Amino acid sequence: MFECPNPSRINYGTSASHATVQAELSGRTAFNDDSVLSQIKIDDVDSRFVQECAKTLKESLEEDIRAFRQLVERAEQEDPKYLEYEALHDLDYPNPREVLPKDRRSYRQELVQRRLSLVLKHIQCAPEPDEAKAGDYNRCFSHQLSAGDCGTPEKDYTLGFPHFYPDFILTRTTQLGNPQADARTYGWHDRDGFVVIRPSSLQHPYPTTEDGLARPILTHAANCARIHLSARPFLLFSVCLLVFGGDFCVCVFDRAGARVSPKLNMWRDFETFIRVVRSMTRHLSDIDMGHDPSVALAPAALWSSVDQPAWIINSVDPDTRRWCTVGAPIWSSLSLFGRGTFVWYIREVSAVYDELRGPVMILKSAWRENKRDAESHIYEAVKGSHPGLAKYMIGADVVASPGGTEKITTHYLRQRSPAPDETTKALHRIVLGSVGRPIWEYDTEEQLIDGLISAIEAHKFLWDQKILHRDISAGNVFLAEYPKELGAAGFISDLDLAFIDPSDAEQTSVETVETAPEWGHYRQTLRAPATRTQNRFATQRGDVITGTMQFMSQRLLQAVHYKETSVSTAADDVESFFWVLVYAISRKLLAAATADVEKKQVLTHFRNTFCGASVLEIMKARSGEAFHDGIYKQATYCEMVSYPLRQLLSEYRDVFSGSITAASLPRSSKVPSSYRKPKRSKRSHINPKLYKAFKESQERVREHVFSHDGMIAALKQTRQDIQEEREGSELESEA
């Protein structure tokens, strides 16, 4: 009765994403891992401090501790599903004291948070008997008062991020004695860690059923970690404290999976709880909390603005130059257990870090599987060059220190060597000489179309060499900053998932998941991380369906949803270019929308289609009616988008809705087959022969529509129509 599809505290419907992350955690989580507590260095906390703090805390907060334990006892009399329902119920009323009656259902979680905040405040502010052992860092756990208090600012690279909220956030502060500090001043990019709370010990993260699904508290924490890693570009892992009733544990999320420490009790293991809190607030360094050791904060003189810091990045072997980021990231991945891709503008920095020199370039940072060819090797395998393909400069796996040999991998960070047949992930960086800007930052529609044509031509150049890109998305299609010098209006990058000669693929295992470092001895019982990159699914002939799910072709999405076997083709990549076009236009509409209602509608459609929803949600958002209501009905759409471009989108929409015939293909000639969906019989099933014929007909139409030549011809015709429309408007104006 009280099943909660989305118990996380979020301010917009991401239940589909929540369910997907829940499925991803299965098989990627190591429970009862003792090395987690070793990683956060709880033994570095002075024993005398721990004993004194425990004594004074019990004396000064005796009544609050008693009240906390009473709240937990009452919560444990309820069904855990009912308690999760309460969390969702609170979500509907961000200010419940003004709307709901003051009963225990509405305020149970808030009361637990407020009692716990007093305990956290006492631990992080207690004086050290020996100041030399006090720790070098000033962090505090700030109480997250409501879902509306804090989130991820809508920056260019965080636009559309789902909003998940923990109960406490761990931030740097000069007001160490004020854990109730206003959390609204902190975004995810300012947080070093977080706390997720449930009022009952029955809401623990440890598996209890055979379905293998992660418990709600762990899924909530994983979603918070996903946003944490996406908003902090150089964060290698995310550390969080889970408190459930009178029990607690520490959890670490990285690109290979999650590790959960053994369950401890706050009262029986009170000194351990003090050590955990004190270590996280006063003792752990930035690197201990997950910051990339190969990256350092640049001097303020090199920052683009006060709120946009610059970062110094160590040289990429074998090159000896160091680099400095310029501005905010161009692209930020929302994946948790995927490649975690970030793309930056960079320039070379002087030896003393006082000036930038040389041209602007592009740096891409991502995690790669050790059993796959490095992206730099794939670039080097391309024969010849094409102006629409990003110019490769240098690339290599990242080493932990300049001049060192140890690479940053998930196993290295866990201080563990992988077995010969075991998969690990390595942090890989490449520098590209082609300078561009995001595809959605076009000035005119002709510029957008020309950029896409150049990118598609480069894709065809690769395919002619039997290299299939397999990850076309808005994050790796750029408009050229200097098109005349480059010889193309746009270009593609990111060959990390490219597949050379698909006919030679060998059989691999099946996986169905969505499209993110550690210290101490790692438990040998942990299952090896499943092989995946962003999105990786069951396939035929051993090939894999890859790519960014939000830009994946409709055919591959259907194969994933229905768990069918399939093989990525060039047509799938070409269709992804269409969704890049839709993404670019949607970003423009979102920026231009002025009316609150219209902006909300465009943003909702944008999030459903491109912001981490499940396969089913993306398919629904792409359906003819939903697509029409999400974009086409908006007044801004008709004002900003020319009629020829609207007509092109409408025609392609008909392809996805299945309402076209061979005679109504967008800007292309007829295909020798009809495209008519078979009708259901009275017994509500489709004749297998008719359905097979329909699928074959559908595939022939699709391959024709999404061929390189077909898409390029459609875009060129649209460009010509736009120019004619503009010339006609100018003549009318002159008349």
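Is Arg321 buried, partly exposed or exposed? Arg321 is partly exposed, with a relative accessible area of 26%. The model under view is predicted, and this tour proceeds from Arg321 to other charged pairs, then to two helices and a surface patch.

**First stop: Asp319 and Arg321.** Please select Asp319 together with Arg321. Their side chains form a salt bridge, with 3.0 Å from N to O. Asp319, at 17% relative accessibility, counts as buried, because the limit for that class is under 20%. Side chains of opposite charge can pair when their charged atoms come close. Over the whole structure, a search finds 30 salt bridges.

**Second stop: Asp496 and Arg339.** Select these two residues next. A salt bridge joins their side chains at 3.1 Å, N to O. Asp496 is located in the loop between strand S19 (490-492) and strand S20 (499-500), and Arg339 in the loop between strand S11 (323-332) and strand S12 (342-349); the pair therefore ties together parts that are 157 residues apart in sequence. Asp496 is buried, having a relative accessible area of 5%, and Arg339 is buried as well, at 1%. To widen the view, add Lys364, Glu375, Asp471 and Asp494 to the selection: salt bridges with shared partners connect these residues with Arg339 and Asp496 in one network.

**Third stop: Asp292 and Arg429.** Here the side chains meet in a salt bridge of 2.6 Å, N to O. Asp292 belongs to the loop between helix H8 (270-283) and strand S9 (295-297), whereas Arg429 belongs to strand S15 (residues 425-432), so this pair links parts 137 residues apart in sequence. Both Asp292 and Arg429 are buried.

**Fourth stop: helix H7.** Select residues 216-231 to display this helix of 16 residues. From the first C-alpha to the last, H7 reaches 23 Å, close to the expected 22 Å. How many of the 16 residues of H7 are buried? The number is 15, and the helix is thus described as mostly covered.

**Fifth stop: Met619.** This residue is found in helix H16 (residues 615-622). Met619 is buried, with a relative accessible area of 12%. Now select Gln554 also: the C-alpha atoms of Met619 and Gln554 are separated by 7.2 Å, while the two residues are 65 residues apart along the chain.

**Last stop: a charged patch.** Select Glu724, Glu727, Glu730 and Glu734, which form a negative surface patch. Glu724 lies in helix H21 (residues 708-734) and counts as partly exposed, at 44% relative accessibility.

Conventions
Residues are numbered from 1 along each chain as its sequence is written. This is a predicted model: local features need pLDDT of at least 70, side-chain atom pairs count only at pLDDT 80 or more; totals for chains, interfaces and linings use all residues. Side-chain values use heavy atoms; hydrogens and water are left out. Helices (H or I, at least four residues) and strands (E, at least two) are DSSP runs, numbered from the N terminus. The expected span of a helix is 1.5 Å times one less than its number of residues. Buried means under 20% relative accessible area, exposed over 50%, partly exposed in between (1.4 Å probe, protein chains only). Patches are made of residues with over 30% relative accessible area and no salt bridge: like charges are joined within 9 Å, nonpolar side chains (Val, Leu, Ile, Met, Phe, Trp, Tyr) within 5 Å. Accessible areas come from the Shrake-Rupley method with a 1.4 Å probe; for residues, only the protein chains shown count as cover. A salt bridge is a side-chain nitrogen of Lys or Arg within 4 Å of a carboxyl oxygen of Asp or Glu. Lys and Arg count as positive and Asp and Glu as negative; His and the chain ends are not counted. The place of a charge is taken as NZ of Lys, CZ of Arg, CG of Asp or CD of Glu.
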